[in-house]
Amino acid sequence: MSEYSVGTPDPAIKPKVVNKTTLAWASWDWGSAAINAVMTTFVFTVYLTSELFGDKDANSVVLGNALAIAGFAIALLAPVMGLRSDAGGRRRFWLGVNTVIVAVLTAACFFVFPEPRFLVLGVTLIALASVFAEFAGVNYNAMLPQISTPATIGKVSGFGWGMGYLGGIVALAIVLFMLVTPIFPWAGASEENALNLRLVAVFSAVWFMGFGLPVLFAVPEIPGTAGGPRFTVLQSYKELFYRVVALARADRHTVYFLISSAVFRDGLAAVFTFGGVIAAGTFGFPLTQVIIFAIVGNVVAAIGAMLGGWLDDKVGPKNVIVTSLIGLVVAGLGVFFSPDATGFWIFGLMLCLFVGPAQSSSRAFLARLAPAGQEGELFGLYATTGRAVSFLAPFLFATSIALAKPFVDDAQRYGILGIILVLLLGLALLLPVRAPRRLGVEQLA
């Protein structure tokens with residue numbers, strides 16, 4: 001067993017947010033920042049949507065559609081992966097397998113040369129990596145109840161997100177000063193055939209793999225169900241349907257939250273996925289400035305995530321999420337109407353500030369809803385249903401650009417409206433959801 005387990009804390013042990021187990025768990029978040037911040041947000045997707053591969057608006061549409069297809073794949077396959085890993089007691093195993101696959105796909109981006117004919121290869125690798133990263137995240141997020149208590153669930157979740165953002169800061173700084181604008185000359189910094197940008201993929205793969213290992217040793221494997229079912233693909237979907245129906249009968253507000261969070265979390269992911277693309281394509285940021293913005297933005301996001309985790313345990317996760325989503329919509333509109341780079345800096349950093357609290361409190365919200373002994377099942381549903389609409393934000397981003405392109409020169413800007421629409425829909429679905437019961441002092445001891 002891990003040091004703590006939600007619902008069954010040892011009363012003799014004072015709850016701690018940071019210990020060797022939570023550090024090892026959060027190390028995976030730190031490592032995954034190389035995928036999220038460097039590859040899919042601020043560096044490699046900016047490279048793919050640049051004029052090196054043709055028209056920037058057309059490239060953005062291709063990237064958005066590829067990620068939308070990846071979202072459909074996640075929605076189709078995640079229930080199978082989640083149910084099989086839970087039933088077989090293979091959570092840690094599949095976290096390791098999917099982490100390795102993501103690292104290999106990321107490293108393969110080294111072969112995406114700066115020519116239009118390599119665009120499809122590039123977006124395909126990025127899309128596949130996002131699919132397997134989500135499969136890894138299914139098992140990673142499900143470990144949260146193993147390493148926290150009711151008193152620390154919000155703070156531990158926020159600590160993990162904060163570590164992810166801080167890891168992004170360090171990874172982006174290394175990319176900036178070693179590959180994009182090197183502080184000393186070396187062969188890997190050569191811009192010929194975009195060697196320096198293609199080496200970013202190799203660096204990201206090694207970073208993710210290295211920091212993704214500690215959790216595999218620190219958090220024990222969950223026990224399998226002796227003689228339990230082994231689901232076929234069809235049986236997996238039937239089982240998921242039966243579980244959702246049973247859950248809806250027991251507590252429909254939990255199902256409402258699963259639906260609303262599926263929508264607004266997709267919007268949250270899109271803020272970072274397309275943030276660098278918009279900074280470069282719409283506001284004319286050179287890659288160096290995109291990375292500098294990313295570093296500052298990750299500092300702001302880390303502060304927001306950790307502050308949100310603290311507020312979560314004080315005022316409850318729903319209040320944190322609602323406030324964050326409203327802040328994101330206002331900041332997103334600010335970015336859309338900004339005439340220049342100064343406006344993007346101001347409102348872009350506002351977006352960063354509000355993303356972290358919404359992400360961390362979403363995990364904590366569900367953990368507080370879970371009845372004792374059913375945490376694993378609920379987190380499985382959260383993971384498997386949470387990406388059911390993961391195609392929505394990329395699709396609306398790409399569609400908004402495609403619809404605007406015949407009428408305006410700066411069509412990429414209109415992709416922001418597609419993301420805002422997803423955030424508004426998620427907020428509207430969340431408002432009727434009953435907030436989870438707050439714990440009393442005696443339960444936090």
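For sorting residues here, Ala, Val, Leu, Ile, Met, Phe, Trp, Tyr, Cys and Pro count as nonpolar, Asp, Glu, Lys and Arg as charged, and the others, Gly among them, as polar.

**Entry 1: the chain as a whole**

I'm working from a predicted model. I started with secondary structure and got 18 helices and zero strands for the protein chain. Then I looked up burial: of the 445 residues, 57% are buried. I also checked how far apart in sequence the contacting residues are. Taking contacts with a separation of 6 or more, 84% are between residues 24 or more positions apart. The chain exposes about 17600 Å², and 70% of that comes from carbon and sulfur atoms.

**Entry 2: the second largest cavity**

I went looking for holes next and found five cavities of 30 Å³ or more. I picked the second largest, which has a volume of about 200 Å³. Which residues lie nearest its centre? I noted V271, G275, I278, F344 and L351, out of 19 residues in the lining.

I wanted to know which helices build this lining. At least two residues each come from α10 (252-273), α11 (275-281), α13 (317-337), α14 (341-369) and α17 (415-430). How does the lining divide into nonpolar, polar and charged? I got 16 nonpolar residues, three polar and no charged.

**Entry 3: T41**

I moved on to T41, which sits in helix α1 (residues 20-42). Buried or exposed? T41 is buried, because its relative accessibility is 2% and the cut-off for buried is under 20%. I then looked for a partner for its side chain and found the backbone oxygen of N36 at 2.6 Å. Leaving out residues up to four places away in sequence, I listed what T41 touches: N36, V46, F272, T273, G276 and V277.

**Entry 4: Q412**

My last lookup was Q412, in the loop between α16 (392-404) and α17. Its relative accessibility is 1%, so Q412 counts as buried too. What does the side chain of Q412 join up with? I found a polar contact of 2.9 Å to the side chain of S60. S60 is also on the contact list for Q412, along with D57, V277, I278, G281, T282 and I401, once neighbours within four places in sequence are set aside.

**Entry 5: cross-checks**

I compared my lists before closing the notebook. V277 is touched by T41 and is in contact with Q412 as well. I278 turns up among the residues nearest the centre of the second largest cavity, and I278 is also in contact with Q412.

Notes
Residues are numbered from 1 along each chain as its sequence is written. This is a predicted model: local features need pLDDT of at least 70, side-chain atom pairs count only at pLDDT 80 or more; totals for chains, interfaces and linings use all residues. Side-chain values use heavy atoms; hydrogens and water are left out. On a 1 Å grid over the protein atoms alone, a cavity is a set of points where a 1.4 Å probe fits but cannot get out, and a pocket is an open set with protein on both sides within 12 Å along at least five of seven lines; lining residues have an atom within 4 Å of a point. Grid points are joined across faces, edges and corners, and a volume is the space filled by probe spheres set on the points. Helices (H or I, at least four residues) and strands (E, at least two) are DSSP runs, numbered from the N terminus. Buried means under 20% relative accessible area, exposed over 50%, partly exposed in between (1.4 Å probe, protein chains only). Contact means heavy atoms within 4.5 Å. Accessible areas come from the Shrake-Rupley method with a 1.4 Å probe; for residues, only the protein chains shown count as cover. A polar contact is a pair of N or O atoms within 3.5 Å; within protein, one must be able to donate a hydrogen and the other to accept it, and residues adjacent in sequence count only if both atoms are side-chain atoms.
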